[in-house]
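Biologist: Take me through the interface in this model, please, at close range. Then work outwards from there, informally but with the cut-offs spelled out.

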Amino acid sequence: MRILSFETTGQLGSAALTASDGTVKQLFTTGRMDHLKELTPMAKELLDEEGISPAELDAVAVSKGPGSFTGIRIGVTSARTFAQASGKKCIAVSSLDIFRQKAGADRKVAVIFNARRGQVYGAVFGNDGGEILAPGPYMLTDVLEAVKGFDDVVFFGDGTDAYEEAMEGQKVADVSERYQTAEMVAKEALHLLAEGKTSDYENVMPDYMRRAEAEVKLEDGTLQKMREAKLARFKLR
Amino acid sequence: MKDKRFLTLAIESSCDETAAAVLSGGRDVLSDVVSSQIDIHEKYGGVVPEIASRHHLTAVNSVIDEALAKAGVTLDDISLVGVTCGPGLVGSLVIGIAAAKAIAMAKNIPLVGVNHMYGHVSSNFIQYKELEPPFLSLIVSGGHTNLVYMESYTSCRVLGSTRDDAAGEAYDKVARVIGLGYPGGPKIDRLAKEGDPEAIHFKRVYLEKGSFDFSFSGIKTGVLNYVNSQKQAGRDINAADVAAGFQEAVVEVLVNKAMEAAEMTGSDSIVIAGGVAANDRLRKELSSACDSKNIKLYLPEKRLCTDNASMIGCAAYYKYQALGDDGLYLDAYPSLPVDAQIKISGDGETSW
């Protein structure tokens with residue numbers, strides 16, 4: 001099965017291609033701000049190296065979030081449009097869910113992505129990959145509470161860097177496997193493709209896990225208050 | 001079999017319109033689709049970047065499909081993909097560029113990044129088939145106010161720029177203060193027709209003699225101070241007179257500077273571009289000023305003034321002819337200068 005995968009929700013972006021022998025080849029962006037610039041060149045390089053054309057792919061996979069809002073959009077738009085242009089099916093996976101792969105008999109997995117101000121997008125998976133804490137937006141303290149009493153939990157994700165102090169006394173995964181990658185997306189996508197779980201590109205939607213701040217402020221009336229305060233300040237002058 | 005014509009698919013998403021178009025050659029528009037978010041941002045009193053980005057993502061693929069369908073072609077017929085790569089809101093730009101790159105890669109089609117400002121000027125090439133550079137151009141939009149001398153299809157010399165607010169930005173801010181809301185340009189233009197432009201005089205700012213730069217924050221502040229002082233004195237404000245007086249001040253400066261620039265450059269024509277070029281008062285005043293000086297005025301119809309993908313397709317076509325393609329390393333350049341032309345080498349080296 002030939003799957004081209006994109007992962008752009010974290011600090012480094014990556015693209016991966018499953019080779020005919022089942023192995024996965026993967027490339028990373030140079031820096032933290034290069035997701036848009038380098039994603040398609042990486043994908044092209046992978047295809048060229050394997051000597052296959054976009055038409056020979058079985059599917060396009062992407063991690064739909066959560067993570068960086070702009071990063072999510074780069075990956076999802078690239079995957080949607082690539083699938084639209086090449087007539088391929090899409091497979092969307094959660095950037096938290098793909099960390100189930102890291103669970104095993106010897107370790108449970110806690111994933112935390114930094115969502116600032118003590119918040120995370122997080123999940124906790126048991127030794128068999130089952131959910132101890134379902135993927136979602138949480139306070140960091142919620143995740144720490146969920147892992148209490150277990151001694152085989154390993155933490156993953158960029159939240160471990162952002163909340164370094166809170167990680168004291170916790171096991172944190174080595175940097176070589178700490179973050180979400182296109183290879184992890186590809187592995188999950190292979191399972192889903194085998195089960196026939198693909199989507200048409202127009203049904204692949206980002207999973208931000210959070211509404212836009214302005215939307216929340218409009219609904220709870222904060223936006224109106226801010227506007228009034230601004231006008232009142234102006235009147236005093 | 002591939003269409004024999006040279007067809008360009010263009011995508012534009014630099015602010016709050018998601019747009020796609022198909023052109024044959026540089027000037028023949030086969031389809032032009034715009035999905036506007038104005039209704040969404042109206043409730044917020046202006047464009048909210050995060051919300052704009054989210055809507056671009058859900059709109060862009062169907063907008064592209066519709067543009068292809070209306071042109072009666074498929075991606076297999078397309079010879080070139082052009083996309084706005086700056087200036088603009090970064091989160092918005094990203095969507096059009098990611099989509100354009102994915103198509104270019106999937107279909108192995110050359111890709112060109114277009115400076116939005118060259119796009120605005122190019123809307124005139126679509127309407128006026130005989131128009132060719134060099135010429136003098138006044139570009140007025142929500143983000144920019146520039147007088148440029150277009151030396152060729154792909155290069156220009158900037159004669160003047162705004163030192164603070166763009167004209168369209170001043171419109172939006174004044175509209176907010178007199179309670180008209182977003183988008184300010186068309187709302188002030190409409191209300192001003194009911195007002196007396198002479199009733200309230202706002203100071204015109206021309207800067208130093210011979211300068212082609214603009215400053216609109218002074219006019220805007222003049223309006224704010226006037227509104228404030230009237231409110232303080234308990235007097236009602238005639239919003240129509242305020243709108244008309246403000247608009248008169250802005251338009252007068254724009255027209256006079258454009259006419260001076262024409263004289264300085266020895267131009268016998270002026271080409272207008274940008275969203276504010278849809279303003280009725282500006283169109284009328286420019287027409288009469290040009291008539292009196294025997295200068296030919298190029299004024300695109302209104303739908304070509306506001307953001308659209310046809311103009312991007314036109315600019316992409318001429319850039320590709322002159323400079324070749326940019327390839328897959330294209331990125332978003334939110335602060336791209338008005339005269340800059342992005343050029344990317346095969347290994348991703350970027351210059352302008």
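Modeller: Here is the interface, followed by the helices and sheets behind it. Keep in mind that this is a predicted model, so local features need pLDDT of at least 70 and side-chain atom pairs count only at pLDDT 80 or more, while totals for chains, interfaces and linings use all residues. Residues are numbered from 1 along each chain as its sequence is written, chains are lettered from A and ligands numbered from 1 in the order written, and side-chain values use heavy atoms, with hydrogens and water left out.

Chain A puts 38 residues into the contact and chain B puts in 37, where contact means heavy atoms within 4.5 Å. Together the two chains bury about 3300 Å², with 66% of that on carbon and sulfur atoms; buried area here is the accessible area (1.4 Å probe) that two parts lose on being put together, summed over both.

What about charge pairs? Across the interface, the rule finds 1 salt bridge, meaning a side-chain nitrogen of Lys or Arg within 4 Å of a carboxyl oxygen of Asp or Glu. The side chains involved are those of Arg73(A) and Glu50(B), at 2.9 Å from N to O. Over all chains, the same rule counts 35 salt bridges. The crossing pair links helix α2 of chain A, which holds Arg73(A), to helix α2 of chain B, which holds Glu50(B). Helices (H or I, at least four residues) and strands (E, at least two) are DSSP runs, numbered from the N terminus.

Follow the Glu50(B) side first. Helix α2(B) covers residues 49-71, 23 in number, and reaches 31 Å from first C-alpha to last, close to the 33 Å expected; that expected span is 1.5 Å times one less than the number of residues. At Ala59(B), α2(B) bends by about 40°, the bend being the angle between axes fitted to the seven residues ending there and the seven starting there. Just after α2(B), Gly72(B) has a positive phi of about 70°.

Now the Arg73(A) side. Helix α2(A), residues 69-86, lies across β1, β4 and β5 of chain A and runs at about 170° to β4(A). Axes are lines fitted to C-alpha atoms, for helices over the stretch in contact, and angles run from 0 to 180 degrees between N-to-C directions. The sheet in question is open and mixed, with 5 strands of chain A in the order β3-β2-β1-β4-β5; two strands pair if DSSP finds at least two bridges between them. Since β3(A) and β5(A) stand at the edges with a single partner each, one side of each is left without a neighbour in the sheet. From one strand to the next, the twist averages 20°.

Within that sheet, β1(A) (3-7) and β4(A) (59-63) pair in the parallel sense over 4 bridges, and Phe6(A) stands opposite Val62(A) in β4(A). Another helix, α5(A) (182-194), lies across β1, β2, β3, β4 and β5 of chain A, at about 135° to β1(A).

One more piece of chain A: an open, mixed sheet of 5 strands in the order β8-β7-β6-β9-β10. Its edge strands are β8(A) and β10(A), each pairing on one side only.
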